[in-house]
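Here is a short note on the aromatic rings, for someone opening this model for the first time. Please keep the structure in view while reading.

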Amino acid sequence: MKKLLFVCAFAIGLLLSNTTNAQQKIGYFDDQLVLSWHPGLVEKLTKEMTSYQNDSLAQDYNYTYSDFMHKDSAFKRDSATMPARTRDMAIADMNKLKEKLINWQEYARQMSEQKQEIILYPYKMKMADALKQVMAEGKFTMVLNQSALTIYALPPAAENLNIKVAQKLKIPIPKEYEDAFKTGGAAPAANPATPAGGTARPKQ
């Protein structure tokens with residue numbers, strides 16, 4: 001599943017100033033990390049995605065395959081007596097089904113991504129609202145995605161907004177992140193088992 005970056009370059013506005021060279025205050029945020037802190041979310045997402053892939057997508061595949069085989073058999077039986085226009089329509093219909101089956105893995109990946117986004121949408125909307133509040137309170141003019149940084153260039157805790165957003169959402173914070181925030185040091189490098197990880201292929 002294609003991982004969606006929730007905050008790539010999230011800007012709220014410019015500092016209230018008449019000068020054009022006013023210094024911006026930049027913060028850093030990792031939406032995937034904060035999503036992974038939601039109690040039970042990883043398990044919920046895994047369960048719902050597994051069910052979707054094994055049930056809905058599997059049924060979709062089986063129906064498409066059966067529909068193709070049925071139409072292919074009917075075409076082989078009746079094509080000789082079909083009017084030219086009817087035959088062309090039948091061929092186009094079968095080709096469409098064949099293309100879907102040939103490209104099934106890509107189709108399943110896209111459908112899985114859409115399903116995952118539906119599941120995560122309410123969490124992301126609440127997180128976006130909390131981030132806006134944190135930015136306004138801290139007078140941050142821009143927030144960049146922390147995942148773009150290397151472990152050698154981690155922002156200090158004062159610029160890392162993960163903790164503050166989590167506090168707004170009343171999400172439990174891992175001890176190592178909370179300790180770094182309290183001491184003012186750099187937050188640990190993010191390497192979570194994020195909800196927006198890959199998805200398994202549906203059973204066929």
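1. First, a term. Two rings of Phe, Tyr or Trp (its six-membered ring) pair if their centres lie within 6.5 Å. In this predicted model, three aromatic pairs turn up. Ring pairs join Tyr-61, Tyr-65, Trp-104 and Tyr-107 into a cluster.

2. Start with Tyr-61 and Trp-104. Their rings meet edge-to-face, with 5.1 Å centre to centre and 70 degrees between the planes. This pair connects distant parts of the chain. Tyr-61 belongs to helix H2 (residues 41–78), while Trp-104 belongs to helix H4 (residues 104–138). The two are 43 residues apart.

3. Next, Trp-104 pairs with Tyr-107. This pair is tilted: the centres are 5.0 Å apart and the planes make 45 degrees. Both residues lie in helix H4. They are three residues apart, about one turn of the helix.

4. Which residues of the cluster are buried, and which are partly exposed? Tyr-61 and Trp-104 are both buried. Trp-104 has 1% relative accessibility, so it counts as buried, the cut-off being under 20%. Tyr-107 has a relative accessible area of 22% and is therefore partly exposed.

5. One more ring deserves a look. What sits over the ring of Phe-140? The charged end of Lys-25 does, 4.5 Å from the ring centre.

6. To retrace the cluster in the viewer, begin at Trp-104. Trp-104 pairs with Tyr-61 of helix H2 and with Tyr-107. Tyr-65 is also part of the cluster.

Methods
Residues are numbered from 1 along each chain as its sequence is written. This is a predicted model: local features need pLDDT of at least 70, side-chain atom pairs count only at pLDDT 80 or more; totals for chains, interfaces and linings use all residues. Side-chain values use heavy atoms; hydrogens and water are left out. Rings of Phe, Tyr and Trp (its six-membered ring) pair if their centres lie within 6.5 Å; planes under 30 degrees apart count as stacked, over 60 as edge-to-face and the rest as tilted. Helices (H or I, at least four residues) and strands (E, at least two) are DSSP runs, numbered from the N terminus. Buried means under 20% relative accessible area, exposed over 50%, partly exposed in between (1.4 Å probe, protein chains only). A charge sits over a ring if NZ of Lys or CZ of Arg is within 6 Å of the ring centre and within 35 degrees of the ring normal.
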